[in-house]
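Please open the structure in a viewer and keep the selection tool at hand. The tour below proceeds from one selection to the next.

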Amino acid sequence: ASSTLGTILAVLASLIITANALVAIALLRLIQKTGSKGLYFVLNLAVADAMVGFTVVGLVIDELSQPFCPPQIFCVLRMAFVTSSSAASILSLILVACDRHLAIRKPFHYFQLVTGLRVGVRLVGLWLVAAVIGFLPVLVPGFQKMKATDEKCSFFGVFQPTYMLTVFCVGFFPALLLFIYLYCDMLKIASVHVQHIREVEHAGLAGGCPPSRTTSDMKAMRTVAVLIGCFTLSWLPFFIASIVQTVCPECFPYKVIESYLWLLGLGNSLLNPLLYSCWQKDVRLQLSQLAVGVKRRVL
C-alpha cells in the first residue's frame with residue numbers, strides 16, 4: 001500500500017511540476033509581449049502549484065523508502081512547507097479571481113489601479129501570509145503534537161486539531177465564500193451589460209459598432225467559475241473530513257483522509273494549469289508556439 005501510494009504521488013508530482021512549468025513559461029512569454037500586470041497573478045498561481053509538486057516529491061521519498069522514521073522537527077518542517085505551498089496556491093486563486101472581478105467592475109480604471117508596485121505588494125503579502133499559515137506550528141509549539149517514533153510524517157501526526165480547525169475555519173471557508181461572492185457579482189455585472197446591449201439594439205442604435213466587453217466578461221467569469229468549481233470539488237471533501245477527524249478522532253480514519261482525500265486536493269494544482277491552457281486562448285497560442293519551437297530544434 002505504501003509503495004502504491006508513493007507511485008501515485010510520484011506520478012502526480014511529475015505532472016504538477018511539468019504542467020505548471022510549461023504554463024509559467026507561456027505566461028512569461030505572454031507578459032513580455034503584452035506587458036499585462038494582471039498576468040503576474042496567474043504566473044504566481046503556476047509557481048505556487050509547481051511548489052506544491054516539489055513538496056510532494058519529499059513525501060514520495062518517504063513512501064518509497066520504508067521503513068523511514070524521521071524525527072519530530074523534520075516532519076513539522078516538511079508538513080509546514082506542504083501547508084505553505086498549498087496555502088499559496090489557494091491565495092493565488094483568490095488574487096486571480098479578485099483581478100478578474102476588478103477588470104469587469106472597473107474596466108476603464110483597471111490599468112490605473114493595477115500597477116507594478118501594487119501587484120508586487122500583493123504578491124509579497126500573499127507569500128508572507130502563506131508562510132505564516134504553514135509555519136505557525138513552528139512559531140507556536142503548542143500547535144505541535146508529538147509524533148510516534150515509528151510513524152511517518154503526516155498532518156494529523158504532528159499538528160494539533162486546534163491548528164487544523166484554525167486553518168480550515170480562518171482560511172478555507174472564508175476563501176470559498178469570497179469566491180462565491182466574486183462569481184455572483186461578476187454574473188450580475190455581465191447580465192447588466194447584456195441588458196444594455198439589448199436595449200441599444202432594440203432602439204436601433206447599435207449599427208456597425210463592435211460588441212461591448214460582454215464577451216470578454218463572460219469568458220473571464222466562466223474561467224473563474226470553473227476554477228471555483230474545481231477548487232471546491234478538490235478541497236472541500238478533505239477539509240470536511242479533516243474537521244470531522246479533529247472533532248471526533250474515532251469517527252473517521254485519518255489514513256483515508258491523508259491517503260486519498262488529500263490526493264484529491266493536490267489534484268487541484270494539476271487542474272489549474274490545465275484549465276488555463278484550455279480556456280485562455282493566448283496561453284494556448286504561446287504553448288503551441290513553444291511546442292513548434294522545440295520541435296524545430298529537435299528535428
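Begin by selecting Cys-184, which is partly exposed because its relative accessibility of 44% lies between the limits of 20% and 50%. The model on display is a predicted one.

Next, select Cys-230. Its relative accessibility is 17%, and this residue therefore counts as buried, the limit being under 20%. A search for disulfides in the model gives a count of zero.

Now move to Met-186, which belongs to helix α7, a helix formed by residues 161-202. Is Met-186 buried or exposed? Met-186 has a relative accessible area of 0% and is therefore buried. Add Leu-102 to the selection: 84 residues separate Leu-102 from Met-186 along the chain, while 9.3 Å separates their C-alpha atoms.

For the interior, select Leu-9 and Trp-262. Within the largest nonpolar core, which has 74 residues, these two touch the most other members. Which helix gives the most to this core? Select residues 72-105 to display the answer: helix α3, with 15 residues in the core.

Finally, colour the spans that the unreviewed UniProt entry annotates as "transmembrane region": residues 6-28, 40-61, 73-98, 119-143, 163-184, 223-247 and 259-279. Two of these spans merit a separate selection. Residues 40-61 are 100% helix and 0% strand, and the C-alpha atoms at the ends of this span are 32 Å apart. In residues 119-143, helix accounts for 84% and strand for 0%, with 33 Å between the end C-alpha atoms. The tour returns here to its starting point, as Cys-184 closes the annotated span 163-184.

Terms used. Residues are numbered from 1 along each chain as its sequence is written. This is a predicted model: local features need pLDDT of at least 70, side-chain atom pairs count only at pLDDT 80 or more; totals for chains, interfaces and linings use all residues. Side-chain values use heavy atoms; hydrogens and water are left out. UniProt positions are given in the numbering used here, feature names are shortened, and annotations may be inferred rather than shown by experiment. Helices (H or I, at least four residues) and strands (E, at least two) are DSSP runs, numbered from the N terminus. Buried means under 20% relative accessible area, exposed over 50%, partly exposed in between (1.4 Å probe, protein chains only). A nonpolar core is a set of buried Ala, Val, Leu, Ile, Met, Phe, Trp, Tyr and Cys residues joined through side-chain atoms within 4.5 Å. A disulfide is a pair of cysteine sulfur atoms within 2.5 Å.
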